[in-house]
Protein chains: 2
Amino acid sequence: MYNVNMNVKHLHKLVWMSRPLMQAAEACVEKGLGGTDLTVRMRAVLEILRQYGDQSVPQLAAQLEIKRQYVQLMVNETLASGFTDQRANPRHKRSKLICLTDRGRHIIDRIIADELALMADIGEGFSDDDIAKALEVVLTVTERLKSVAGESR
Amino acid sequence: MYNVNMNVKHLHKLVWMSRPLMQAAEACVEKGLGGTDLTVRMRAVLEILRQYGDQSVPQLAAQLEIKRQYVQLMVNETLASGFTDQRANPRHKRSKLICLTDRGRHIIDRIIADELALMADIGEGFSDDDIAKALEVVLTVTERLKSVAGESR
DNA sequence: GCTGTTATGACATTGTAATTGTCAATATGA
DNA sequence: TCATATTGACAATTACAATGTCATAACAGC
């Protein structure tokens, strides 16, 4: 029998707070996107490209853990809006690499900067250590939950 | 100009981890529900009833922060499956209170117990203080993000 | 009690995110 | 060269949730 202590209940609550947190976060992001032609899902593509460099659609799909067919839609939107462009892929002739245009890079840089500025406000009152530890908990818990859910499928 | 330090980047990452965390959590919950006739959304109704007692559909909707029409569907499913029942509402004759049946209470108790047991494994290696602090960060950040997103609408 | 307003349940419609399935074209690798 | 895998394109489907509407019924002020 497990000793169901406070620790465990806190963790349970933390995990269940992930949905409200996500919703609040996405609402904020959406608000920050107001005025630009970007959508939240286009933003996700630009962010990955910004952080990890040019990639093919299937590679993006793996990063985002979303099916490639849907990522293709997202990417097509960014292409149509001129935030990204295609260039030759040395590793696969048919699957072009998606890269940020100057416009795309400019806008995603600005958006991320705005978001970080917001985070500076949001984190008010917590120490660097608090935040670092909280992140570590969240990352670890996510990994462990993934492996639990993934088992024996 | 903001000083974009590690703290802020960690917080940004933490916030963006909320989606993967949620997906992993829901996948685990779904797995835990295997074998029962419960769905994830029915589970949500039972959990609120278990924690906060009998409530009307509009009250549940407020708790879950979901529109009452959709909660009505969720509740109807729990009624149809015999996990909940209706009883007279002293405060409103038409809007019955939804309450757990013995079967409903038994199953949600078991599911929560299983989840807490899983949390005991998942939290391995973190101190009570780490978890408590992480929860505090998540709760606070969620509240603050909500208020930011809610402003001037 | 009468009456206007609100709350509720029921149902239909719509929107959006994302998955799944399929197909043809093309690349890749043995 | 040829079998297999990958890719992009597109259609269909599922799931979640919001939104709209309506009739009924409850409530509150008078």
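Through which surface do the copies meet, and what share of the interface residues of chain B are also interface residues in chain A? I looked this up first, in what is a predicted model. The share is 100%, so chains A and B meet through the same surface.

**Entry 1: symmetry**

I superposed the two protein chains. A turn of 180° with a shift of 0.0 Å along the axis lays chain B on chain A, and the RMSD is 0.1 Å. I noted this as the relation of a two-fold axis. I then asked which residue of chain B comes closest to the rotation axis. That residue is B:A134, with its C-alpha at 2.1 Å.

**Entry 2: the contact between the chains**

I counted 49 residues from chain A and 49 residues from chain B in the contact. On the side of chain B that touches chain A, the elements giving two or more residues are α1, α2, α6 and α7 of chain B. I found that α7(B) gives the most, with 17 residues. By class, I have this side of chain B down as 33 nonpolar, 10 charged and 6 polar residues.

I returned to position 134, this time in chain A. Leaving aside residues up to four places away in sequence, A:A134 touches B:A134, and also B:L14, B:K133, B:V137 and B:V138.

**Entry 3: the nonpolar core**

I looked for the largest nonpolar core and found 42 residues in it. Those with the most contacts inside this core are A:A134 and A:V138, together with B:A134 and B:V138. Two or more residues each come from α1 (6–16), α2 (18–33), α6 (102–122) and α7 (128–150) of chain A, and from α1 (6–16), α2 (18–33), α6 (102–122) and α7 (128–150) of chain B.

I checked α1(B) separately. Its buried residues are B:N7, B:V8, B:H10, B:L11, B:H12, B:L14 and B:V15. They pack against α2 and α7 of chain B, and also against α2, α6 and α7 of chain A.

**Entry 4: DNA strand D**

I listed 20 residues around DNA strand D, the closest being A:V57, A:P58, A:S95, B:Q69 and B:R94. Both chains contribute here: α4 (57–64) and α5 (68–80) of chain A, with α3 (40–52) and α5 (68–80) of chain B, each supply at least two residues of the surface near the strand. The largest share, 3 residues, comes from α5(A). I sorted the surface residues into 8 polar, 7 charged and 5 nonpolar.

**Entry 5: DNA strand C**

For DNA strand C I listed 19 residues, and the closest are A:Q69, A:Y70, B:V57, B:P58 and B:S95. The elements that each supply at least two residues of the surface near this strand are α5 of chain A, and α4 (57–64) and α5 of chain B. Here α5(B) gives the most, with 3 residues. The classes near DNA strand C come to 8 polar, 7 charged and 4 nonpolar residues.

**Entry 6: chain A on its own**

I took chain A alone last. Its secondary structure comes to 7 helices and 2 strands, in the order α-α-α-α-α-β-β-α-α along the sequence. Its radius of gyration is 19 Å, well over the 15 Å from the globule rule for 153 residues, so chain A is more spread out than a compact globule. Along the principal axes, its C-alpha atoms fill a box of roughly 60 × 40 × 25 Å. I found that 36% of the 153 residues count as buried. Of the contacts in chain A with a separation of 6 or more, 48% are between residues 24 or more positions apart.

Methods:
Residues are numbered from 1 along each chain as its sequence is written. Chains are lettered from A and ligands numbered from 1 in the order in which they are written. This is a predicted model: local features need pLDDT of at least 70, side-chain atom pairs count only at pLDDT 80 or more; totals for chains, interfaces and linings use all residues. Copies are superposed by least squares on the C-alpha atoms of residues with pLDDT of at least 70 in both. Two residues are in contact if their C-beta atoms, placed from the backbone, lie within 7 Å. A residue is near a molecule or strand if its C-beta atom, placed from the backbone, lies within 6 Å of it. Helices (H or I, at least four residues) and strands (E, at least two) are DSSP runs, numbered from the N terminus. Ala, Val, Leu, Ile, Met, Phe, Trp, Tyr, Cys and Pro count as nonpolar, Asp, Glu, Lys and Arg as charged, and the others, Gly among them, as polar. A nonpolar core is a set of buried Ala, Val, Leu, Ile, Met, Phe, Trp, Tyr and Cys residues joined through C-beta atoms within 7 Å. A residue is buried if 20 or more other C-beta atoms lie within 10 Å of its own, exposed if 12 or fewer, and partly exposed in between; C-beta atoms are placed from the backbone. The radius of gyration is taken over C-alpha atoms; the globule rule is 2.2 Å times the number of residues to the power 0.38.
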